[in-house]
Amino acid sequence: MQQEKTVESKKCFHCQENFKITDWDLGFYEKISPVFAWVKYDIPTPKLCYRCREQRRLSFRNERNLYKSKCELTWKEIISIYFPKSWYIAYDETEWHSDKWSPLDYWRDFDFSRDFFSQFWELLKEVPRIPLSVVFNENSPYVNQCWNIKDSYLSINCWFWENLLYSEVAYHSKNIVNCYSVDSLEFCYECIDCQKSYLLFNSQNCSNCSNSRFLHNCTGCIDCFCCINLSNKRYCIFNEQYSKEEYMEKLSDLTDLKHVKNAFENLKLKHPQKNLHISWSENVLWDYIVDSKNCNQCYDVFSTSDSKYSFNIDSNLKNWMDLSYCAEWELIYEAISVAGYNNLFCHLVIGSNNHYCNLCLNNSSNCFWCVWLKDNSSYCILNKQYTREEYETLVPKIIEHMKTTWEWWEFFPSSISPFWYNETVAMEYYPISSRDAINRIATDWKPIFKWSTYENPKPDVTKIIPASKLPENIKDIPDDITNWAIECEVTQKPFRIIKQELEFYRKHDLPIPRRHPDQRHLDRMKLRNPRKLYDRNCDRCNKEIKTTFSPERPEIVYCEDCYNKEII
Ligand SMILES: [Zn+2]
Ligand SMILES: [Zn+2]
């Protein structure tokens, strides 16, 4: 990673930690500072460290908490990311897109005697919202952030194909259950960071594998069981080569799953791991980076360049900083779920030259403080239409006002998020207790986070059984299990089994899960390395390395060179 020069050291307003501003950062702020009527309005350096900035952005994204609610236009039942009686209004998807209402009817003038965020919050609470972020899906009512998928259930951030059950960040896949961060899989179960595989179960960091189970860091393997760091092998068990007949015979003895899982975990400790999960990239730092260059402090990024402090970035994005869940084009800063060009401080926006907008997905341009604008809207402020000249005269005045209220150059505060902190992705990466959330007060004495105590009603079922009472063997599970709820063995939260899922487990001889889908998600996330970078020494050549394996962890960790020499 190329060295950046520190030019300023600051203390974070929230966590009080020191953080550095570098020459690269200053160059970026200069590049994205907007120009109105030939005058440049500088974006100063941030008040919060990058972690607190990310936490604030993530508090604007609820992915997994879905509620049965009512459309506030037709009172039709809907599935929504806004809990019933939340402060925000949701319309059924068809009504939301219809011409029965217009977001421009909610316009207001800016009141220069008040701060911006409280005026924006009033607009946010009034303009109807879409209940789920979904498009072009078929027969998949319980999914979010998905498009072009069919017959799927409780899946998040997926696009293309069908029968995706309890999966996340899954692309171009069919018939998969409990998978995370996968591409082009078919008939797969409990796979994490795997690609182009078929009939692969309980595996991680694998590609082009098939008919295998419990693989880790393997490529091109067929008929393998409990193996690590293998390439193009067949009939291996615990990294030992067997003949086809021996393999089949040995496999028939390995039926005790608890024992197999323990043995697999022990095997992982005996074989080296690569320090970072980076592929086809140059001059990048942090983890899970593919096909990218010049990315510093980025995690889960794909096909991007010239960027910093960003997470879950999909493709073709360059020149950006402080982003989460963004894709395509360039010059985006402090944004979440945004695509386009030159968008600053936005949430759910597709378009160009927008500032402080929310839910403007139809190619909006040159908008300031707007909520849900339709079809190519431009030159709007607080949902009010202006001419270009009026817009360019008014926006600089507003920026000057925002400077006096300390709001210019800061993303929306979490307190005006459409979600409560414990519903959002922020809770996954920055977990806090309800007490901690309530006690966090900003410098204006307002609470920083909201905390929800809403709970979905218990499922309407004939009986609830504890997970420990479930038969081990799928053959002993009756058809009417789909009418019961199972009590999660960890959280005691009840969950259901759907017919499609039961058929998958039966077909592939897999046991019924004992854990609630939310707990299964957390279990999978724990198997990935954390968003923390440590200094460690390569366990082969002793060179200093950066890694997401903490020095206390028992795995053998190699630098990229040593790993490639020994494994590939
Ligand atoms: Zn901080
Ligand atoms: Zn080494």
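How many helices and strands are there in the protein? The points below start with that count and then move to the parts.

1. **Overall make-up.** This is a predicted model. The protein has 12 helices and 36 strands. Buried residues account for 41% of its 568 residues.

2. **Size and shape.** The C-alpha trace spans about 80 × 60 × 40 Å along its principal axes. Is the radius of gyration what a compact globule would have, or not, and why? The protein has 25 Å, and a compact globule of 568 residues would have a radius of gyration near 24 Å, so the two agree. As for contacts between residues at least 6 apart in sequence, 32% join residues at least 24 apart.

3. **Domains.** The domain assignment gives domain 1 (6-53), domain 2 (153-274) and domain 3 (277-327). It also gives domain 4 (463-526) and domain 5 (534-567). Between the C-alpha centres of domain 1 and domain 2 the distance is 43 Å.

4. **The largest core.** Nonpolar side chains tend to be buried together in soluble globular proteins. Here the largest nonpolar core holds 70 residues. C326, A335 and C370 have the most contacts inside it. Which strand gives the most to this core? Strand β25, residues 329-341, does, with seven residues.

5. **Around C326.** Take C326 as a place to start looking. Leaving aside residues up to four places away in sequence, C326 touches I313, L317, I332 and A335. S337, V338 and A339 are also touched by C326.

6. **A second core.** Apart from the largest core lies another, of 40 residues. Among them are C146, L165, V182 and C221.

7. **Strands β7, β9 and β10.** C146 turns up again here, in β9. Strand β7 (residues 134-135) pairs with strand β9 (residues 146-150) in the parallel sense, over two bridges. V134 stands opposite C146. β9 also runs parallel to strand β10 (residues 155-162), joined by three bridges. K150 has E162 in β10 as its bridge partner.

8. **Strand β16 and its partners.** Is strand β16 (residues 222-228) mostly covered or mostly open? It is mostly covered: six of its seven residues are buried. β16 pairs with strand β15 (residues 210-216) in the parallel sense, over four bridges. There S210 stands opposite I222. β16 also pairs with strand β17 (residues 234-237), again in the parallel sense, over three bridges. There F225 stands opposite I237. In a regular strand, side chains alternate between the two faces of the sheet.

9. **An open sheet.** Three strands form an open sheet in the order β31-β32-β33. The pairing is mixed. Why is one side of β31 (463-466) and of β33 (494-495) left without a neighbour in the sheet? Both stand at the edges, each with a single partner strand, so one side of each has no neighbour there. β31 and strand β32 (residues 484-487) run parallel and are joined by four bridges. I464 stands opposite A485 in β32.

Terms used
Residues numbered from 1 in each chain as written. Chains lettered and ligands numbered in written order. Core = buried A, V, L, I, M, F, W, Y, C linked by C-beta atoms within 7 Å. Buried ≥ 20, exposed ≤ 12 C-beta atoms within 10 Å, placed from the backbone. Contact = placed C-beta atoms within 7 Å. Pairing = 2+ DSSP bridges. Rg over C-alpha atoms; globule rule 2.2 N^0.38 Å. Domains from an automatic or database assignment.
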